[in-house]
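Let's take a walk through this one together. Have a look at the chain first, and then we'll go through it piece by piece.

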Amino acid sequence: MQRETTYDVSAIRKQFPILSRKVKGKNLVYLDNAATSQKPSSVIDALVHYYSHYNANIHRGLHTLADEATAAYEASRVAVKTFIGASSPDEIIFTKGTTESINLVAKSWGGTFLEKDDEIIISSLEHHANIVPWQMIAAEKGAKLRVIPMDDNGLLDMDAYSKMLNAKTKFVSIVHVSNALGIINPVEEIIRLAHMNNALVLLDGAQSSVHLDIDVQTLDCDFYVFSGHKIYGPTGVGVLYGKRHLLEKMPPYQGGGEMIKEVSFEKTTYNELPFKFEAGTPNIADVIALKAGIDFIDSIGKPSIRKHEEMLLEHASMHLRKIPGLKIIGDVENKVSVVSFVIDGVHPQDLAILLDNQGIAVRTGHHCAQPLMQRLGIVGTTRASFAAYNTIEEIDALVLALNKSLKMLL
Ligand code: 7TS
């Protein structure tokens, strides 16, 4: 039997309570998954179960509840390790999210190893979270931020990149998949060239972690970061993966409890990995529930989800292209299930309001990628992004609602 026939989208939808709600009297059509995915009952239940049955602080108390909470917290670390193919759970640091993970690396690694006139490379497609922390540390250290240019379709200029690499290049921080356009960057080649030049590479996996099979050891990236809330997990928890030998050389990001071995007023010795980077009481409940998000993905399998999402993307792109004046931005071969578009004479914000009135949730605006919008010469786009639970009927509802909205706007 073929995969498509075994993909039971209605059974998947039943696992997401929010999908049965109405918005403005209409069935919710949630197409803003690149901002945050919805949560299956298993994730919601994991939160409730933790608070109802074994809420305790971890790694500290010698009592049953603390032992259970510690075991569940550490089980989540092991699940993340497997999810991205790291070699050890010690290389998995829990943070608040992608933003905090990038800030941690910029401050801790950059603060220690960057010197005046060193160069950091990012790309034209970055989310602000992978621009601002590097600008901050570059200003502090007198280092320089360089940007890989792209063509009008959003494809990076790899020739320009290879020419940019030089003896001063210390770090390359690149978005794996663009949040605004869905384009998958050629990160294997970016990493290979950076390493030939002795520069380290961080991959911003906020968008890739949910769609693509990730094996950090095969990719050979030095750091990989992502957010739990975009992979069907809760908000407030994210991940920093780093190669052990790099994390070992980096100083702690914050000081406090848990990250120490021994403290006196004269001197503190730091704890081992990963605890060195997890100062204070962490976000125990959300870390535990993150495992349920990963288990949800594993229960279907990323390749099956990807195939379903590709079918949705193809269907959406085909029908959107037929709308007069509509242009898909980043309409390239190698992308995930995100479709970003502009329509002649229509402001994305006006469109979003009309779509919301019809129960359809999409994202409009600059998508926290203002330099990308400037490069494209647009104020923003309308972005529909698809997840495991979306259906062909929802895409058709989007297309119908778009045509209806355009009649009112034009
Ligand atoms: N990097 C990328 C590529 C992202 O897509 C996002 C969030 C972040 C970093 C920041 O993640 P956070 O969890 O720390 O906030 N992207 C989006 C988006 O596209 N719409 O809303 C949030």
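## Around the ligand

A good place to start is N179, which has a polar side-chain atom 2.9 Å from an oxygen atom of the ligand. Keep in mind as you look that this is a predicted model. Q207 does something along those lines too: an N or O atom in its side chain sits 2.7 Å from an oxygen atom of the ligand. With H127, look for a nitrogen atom of the ligand instead, 3.5 Å from an N or O atom in the H127 side chain. Zoom out a little and you'll find 16 residues surrounding the ligand. The closest of them are T99, D204, Q207, S227 and R383.

Now for the overall layout. The domain assignment splits the chain into domain 1, made of 9-30 plus 301-409, and domain 2, which covers 45-298. So that you can picture the spacing, here is a number: the C-alpha centres of domain 1 and domain 2 are 29 Å apart.

How do domain 1 and domain 2 meet? On one side, 33 residues of domain 1 make contact, and on the other, 29 residues of domain 2. Together they bury about 2,600 Å² between the domains, with carbon and sulfur atoms giving 60% of that area. There's some polar business as well: 16 residue pairs are in polar contact across the interface of domain 1 and domain 2. As for salt bridges across that interface, the rule finds 1. To see a salt bridge up close, find R375 and D152, whose closest N and O atoms are 2.9 Å apart.

Which parts of domain 1 touch domain 2? Helix 13 (302-320), strand 14 (338-343) and helix 15 (370-376) each bring at least two residues to that side. Helix 15 supplies the largest share, with 6 residues. Sort that side of domain 1 by class and you get 18 nonpolar, 9 polar and 6 charged residues.

Before you go, two spots in the backbone deserve a glance. Most residues other than glycine have a negative phi, and most peptide bonds are trans. Against that background, check the peptide bond from L273 to P274: it is cis, with omega near -5°. You'll find P274 in the loop between strand 12 (268-270) and helix 12 (284-300). Then there's K24, a residue other than glycine with a positive phi, near 50°. K24 sits in the loop between strand 1 (22-23) and strand 2 (26-27).

Terms used. Residues numbered from 1 in each chain as written. Predicted model: local features only at pLDDT ≥ 70, side-chain atom pairs only at ≥ 80, totals over all residues. Heavy atoms only, no water. Contact = heavy atoms within 4.5 Å. Buried area = accessible area lost by both parts, 1.4 Å probe. Salt bridge = Lys/Arg side-chain N within 4 Å of Asp/Glu carboxyl O. Polar contact = N/O pair within 3.5 Å; in protein donor to acceptor, adjacent residues only side chain to side chain. Helix = DSSP H or I, 4+ residues; strand = E, 2+ residues; numbered from the N terminus. Nonpolar A, V, L, I, M, F, W, Y, C, P; charged D, E, K, R; others polar. Near = heavy atom within 4 Å.
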